Amino acid sequence: LPLSFAQERLWFLDQLEPGNPIYNIPVVIRITGDLNVNVLHQSLQTIIQRHEALRTVFKSDNGQPSIEIFSSMDFEVGEAELPNKLLRTTPSFHHQE
């Protein structure tokens with residue numbers, strides 16, 4: 001598929017500085033209590049399935065940009081233990097039922 005003007009601009013900027021994370025928006029969320037990783041994975045999968053922008057990749061064929069929209073995306077939810085020092089400095093969001 002051809003790119004929109006906005007997508008073409010992002011593609012062009014990436015050609016100038018490959019991998020520049022300027023348009024990435026990092027988010028950290030502290031989750032306390034028990035976490036059902038399977039439910040988290042399924043929730044993220046539902047969001048990805050609902051929004052094609054999350055399944056879209058830029059391609060370049062002979063210097064010409066295009067996009068490909070995948071029908072699905074596979075991913076894994078990783079788990080990591082964080083040091084207590086890091087846990088104390090991370091803002092927390094609490095959900096109450």
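# A tour from Phe12 to the hairpin

Start by selecting phenylalanine 12: with a relative accessible area of 48%, phenylalanine 12 is partly exposed. Here buried means under 20% relative accessible area, exposed means over 50%, and partly exposed is what falls in between (1.4 Å probe, protein chains only). Before you go on, know that this is a predicted model, where local features need pLDDT of at least 70 and side-chain atom pairs count only at pLDDT 80 or more, while totals for chains, interfaces and linings use all residues. Residues are numbered from 1 along each chain as its sequence is written, and side-chain values use heavy atoms, leaving out hydrogens and water.

**Stop 1: the whole chain**

Zoom out and show the cartoon. You should find three helices and two strands, in the order α-α-β-β-α from the N terminus on. These elements are DSSP runs numbered from the N terminus: helices are H or I with at least four residues, strands are E with at least two. Buried residues make up 9% of the 97 residues in the chain.

Now colour by pLDDT, the predictor's confidence in each residue, from 0 to 100. The chain has a mean of 83, and 87% of its residues reach 70 or more. Among the elements, helix H2 (residues 37-50) has the highest mean pLDDT, 93, and helix H3 (residues 84-89) the lowest, 62. Where pLDDT is low, the predicted coordinates should not be read in detail.

**Stop 2: helices H1 and H2**

Go back to phenylalanine 12, which sits in helix H1. Add proline 65 to your selection: the two residues are 53 apart in sequence, but their C-alpha atoms are 8.8 Å apart in space.

Next, pick glutamine 42 in helix H2. Glutamine 42 counts as partly exposed, at 47% relative accessibility. Select valine 77 as well, and you have a pair 35 residues apart in sequence and 10.0 Å apart in space, C-alpha to C-alpha.

**Stop 3: the hairpin**

Select residues 56-61 for strand E1 and 64-69 for strand E2. The two pair in the antiparallel sense over six bridges; strands count as paired if DSSP finds at least two bridges between them. Try following the partners across: serine 60 stands opposite proline 65 in E2, and aspartate 61 has glutamine 64 of E2 as its bridge partner. If you show side chains here, remember that in a regular strand they alternate between the two faces of the sheet.

Which residue of the hairpin takes a positive phi? Click on asparagine 62, in the loop between E1 and E2. Its phi is positive, about 55°, although asparagine 62 is not a glycine. Most residues other than glycine have a negative phi, and most peptide bonds are trans. Asparagine 62 is also exposed, with a relative accessible area of 76%. The hairpin has two residues between its strands.

Glycine 63 is in this loop too, and counts as partly exposed at 45% relative accessibility. Add glutamine 15 to see another contact across the sequence: glycine 63 and glutamine 15 are 48 residues apart along the chain and 9.9 Å apart in space, C-alpha to C-alpha.

**Stop 4: the salt bridge**

How many salt bridges does the structure hold? There is one. Show the side chains of lysine 59 and glutamate 68, which meet at 3.2 Å, N to O. That fits the cut-off: a side-chain nitrogen of Lys or Arg within 4 Å of a carboxyl oxygen of Asp or Glu. Side chains of opposite charge can pair when their charged atoms come close. Both partners are partly exposed, lysine 59 at 39% relative accessible area and glutamate 68 at 29%.

**Stop 5: the second largest pocket**

Finish with the second largest pocket, which takes in about 660 Å³ of space. To find it, select Leu10, Asn20, Tyr23, Asn24 and Phe58, the closest to its centre of the 22 lining residues. A pocket here is an open set of points on a 1 Å grid over the protein atoms alone, where a 1.4 Å probe fits, with protein on both sides within 12 Å along at least five of seven lines; lining residues have an atom within 4 Å of a point. The volume is the space filled by probe spheres set on the points, and grid points are joined across faces, edges and corners.

Helix H1 (5-16), E1 and E2 each supply at least two lining residues, and H1 gives the most, with seven. Colour the lining by class and you get 13 nonpolar, six polar and three charged residues. Ala, Val, Leu, Ile, Met, Phe, Trp, Tyr, Cys and Pro count as nonpolar, Asp, Glu, Lys and Arg as charged, and the others, Gly among them, as polar.
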